[in-house]
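Visitor: Could you take me through the salt bridges here, step by step?

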Amino acid sequence: MKELTVQLKRLGKKKVKKVPITLDSTPKNLKELISACVRSEVKRYNEKREGVQVLSFLTPTEIQEQGEKGKIGFGDEANTTLANENTAIENALLAFKDGLFLVFIDANEITDIDTQINLSSESELTFIRMTFLSGAYW
């Protein structure tokens with residue numbers, strides 16, 4: 001298994017979210033990398049929904065930390081529907097094809113889904129979500 005940290009960015013936002021990803025094998029191309037990242041996130045998502053939630057409470061420290069972020073909650077999940085891994089992978093690959101996100105490995109943009117990649121534990125992997133302006137067409 002290989003551990004990587006993925007940086008998630010959105011255009012126009014300064015905040016960068018770092019997400020640890022566990023890969024079952026080393027991906028050979030961008031398609032395998034995207035699929036492996038989606039598999040890891042679907043697994044995390046489904047485990048969160050399948051987990052047994054006992055009566056939860058917040059400590060004063062948690063209340064303080066959540067208050068600083070602007071929202072205090074118990075972390076309960078109302079939606080217990082599990083994600084379908086194959087559908088999620090298809091959607092991610094289509095989103096890449098449609099230009100909804102960009103992928104950078106060590107500051108180099110990867111534009112072709114079949115591009116061969118070489119990842120190491122020090123590789124910097126960044127996904128940038130593209131957002132489009134809404135409004136009338138001209």
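Guide: Let us begin with one pair: Glu85 forms a salt bridge with Arg39, their closest N and O atoms being 3.5 Å apart. The term salt bridge is used for a side-chain nitrogen of Lys or Arg within 4 Å of a carboxyl oxygen of Asp or Glu. This is a predicted model, in which local features need pLDDT of at least 70 and side-chain atom pairs count only at pLDDT 80 or more, while totals for chains, interfaces and linings use all residues. Residues are numbered from 1 along each chain as its sequence is written, and side-chain values use heavy atoms, with hydrogens and water left out.

Visitor: How many salt bridges does the structure hold?

Guide: Besides the pair of Glu85 and Arg39, the side chains of Arg44 and Glu41 meet in a salt bridge, at 2.5 Å from N to O. The number that the structure holds is two.

Visitor: Arg44 and Glu41 are both in which helix?

Guide: Helices here are DSSP runs of H or I with at least four residues, numbered from the N terminus. Arg44 and Glu41 are three residues apart, and therefore separated by about one helical turn, in helix α1.

Visitor: Is Arg44 buried, partly exposed or exposed?

Guide: Buried means under 20% relative accessible area and exposed means over 50%, with partly exposed in between (1.4 Å probe, protein chains only). Because its relative accessibility is 36%, Arg44 counts as partly exposed.

Notes
Helix = DSSP H or I, 4+ residues; strand = E, 2+ residues; numbered from the N terminus.
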